[in-house]
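Dear colleague,

I am passing the structure below on to you, and I would be glad if you could look through it alongside the notes that come after it.

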Amino acid sequence: MNTVIEVEHIVKNYGSVKAVDGISLSVNKGEILGIIGANGAGKSTTLEMMMGLRKPDSGSVTVLGLDMKHSADEIKQKIGIQLQQTSLYDRIKVKEALTLFSSYYDKKRDQKEIIQTLGLEPYLNKYVKNLSGGWQQRTSLALALVNDPDIIFLDEPTTGLDPQARLELWNCLNKYRSEGKTLILSTHYMDEAQRHCDRIAIIKKGKLVACDVPKNLIRSLNDGEGSMEDVYLQFAVGS
Ligand SMILES: Nc1ncnc2c1ncn2[C@@H]1O[C@H](COP(=O)(O)OP(=O)(O)OP(=O)(O)O)[C@@H](O)[C@H]1O
């Protein structure tokens with residue numbers, strides 16, 4: 001199995017807050033890796049260090065064989081990033097945002113294809129800030145795809161979406177996964193983690209407490225059966 005990301009003992013402190021406390025983890029090509037954990041557990045900070053948006057205080061991140069410390073610019077050309085709600089592109093229209101983001105990259109995916117796959121045609125001339133949450137999320141997914149990335153990072157991509165919008169977004173994510181792309185995402189929805197993620201990493205107070213396929217996580221519960229919610233309650237909650 002091809003490893004596309006290798007994270008070794010990364011640490012990030014914000015003053016006296018230990019946001020990430022020595023996480024090591026590897027990500028395989030073509031998998032969907034879900035990251036779960038309580039509010040403030042360190043999911044976003046971990047993702048941000050994997051994307052090269054934050055520098056670890058110590059430890060290393062290797063993406064597609066490149067060391068983040070020395071090759072961040074090269075890595076950024078090969079990854080796609082969908083952040084939690086951002087106001088960065090609120091004041092521009094969907095089409096303008098696509099053109100702007102695309103201009104940042106050497107490699108470009110066919111914009112018409114992205115627009116068609118995500119059903120964005122009717123919204124191209126609308127301001128991003130005026131779209132519903134579901135369409136804003138699709139727009140930000142489209143922006144994460146403009147450079148046809150090998151790896152797509154998504155920070156809580158389905159938060160706040162209604163069940164149908166969540167399902168539709170997952171259909172899109174699964175389509176890109178079936179192209180061989182690797183997806184790494186954080187989520188608070190245990191049902192979708194169980195259903196769609198190949199492996200799930202559980203972070204508690206800045207540490208990785210488990211990382212495995214959902215079936216094995218469920219098997220490892222005290223009574224050997226249950227759901228991802230039970231896994232969450234056993235691994236991610238408490239002191
Ligand atoms: N820029 C920052 N400055 C100071 N503290 C921060 C900063 N970003 C995050 N933190 C703190 O670091 C810890 C981890 O935060 P992080 O956002 O990584 O958690 P999370 O698991 O993504 O949480 P959530 O599920 O609420 O998004 C928290 O205690 C948070 O308050």
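The notes below take up one helix and then the surroundings of the ligand.

This is a predicted model, in which local features need pLDDT of at least 70 and side-chain atom pairs count only at pLDDT 80 or more, while totals for chains, interfaces and linings use all residues. Residues are numbered from 1 along each chain as its sequence is written.

Helices (H or I, at least four residues) and strands (E, at least two) are DSSP runs, numbered from the N terminus. In helix H6, Arg 166, Leu 169, Leu 173 and Tyr 176 are buried, that is, 20 or more other C-beta atoms, placed from the backbone, lie within 10 Å of their own, whereas exposed residues have 12 or fewer and partly exposed ones fall in between. These four cover an arc (taken from the directions from the helix axis to the C-beta atoms) of only 85 degrees, which puts them on the same side of H6. On the other side, the exposed residues of H6 include Pro 163, Gln 164 and Lys 175. Just after H6, Gly 180 takes a positive phi of about 100 degrees.

Around the ligand, counting residues whose C-beta atom, placed from the backbone, lies within 6 Å of it, the shell consists of Tyr 14, Val 17, Ala 19, Gly 37, Asn 39, Gly 40, Ala 41, Gly 42, Lys 43, Ser 44 and Thr 45. Strand E2 (17-28) and helix H1 (43-51) are the elements that give two or more residues to this shell, and the largest share, 3 residues, comes from H1.

With best regards
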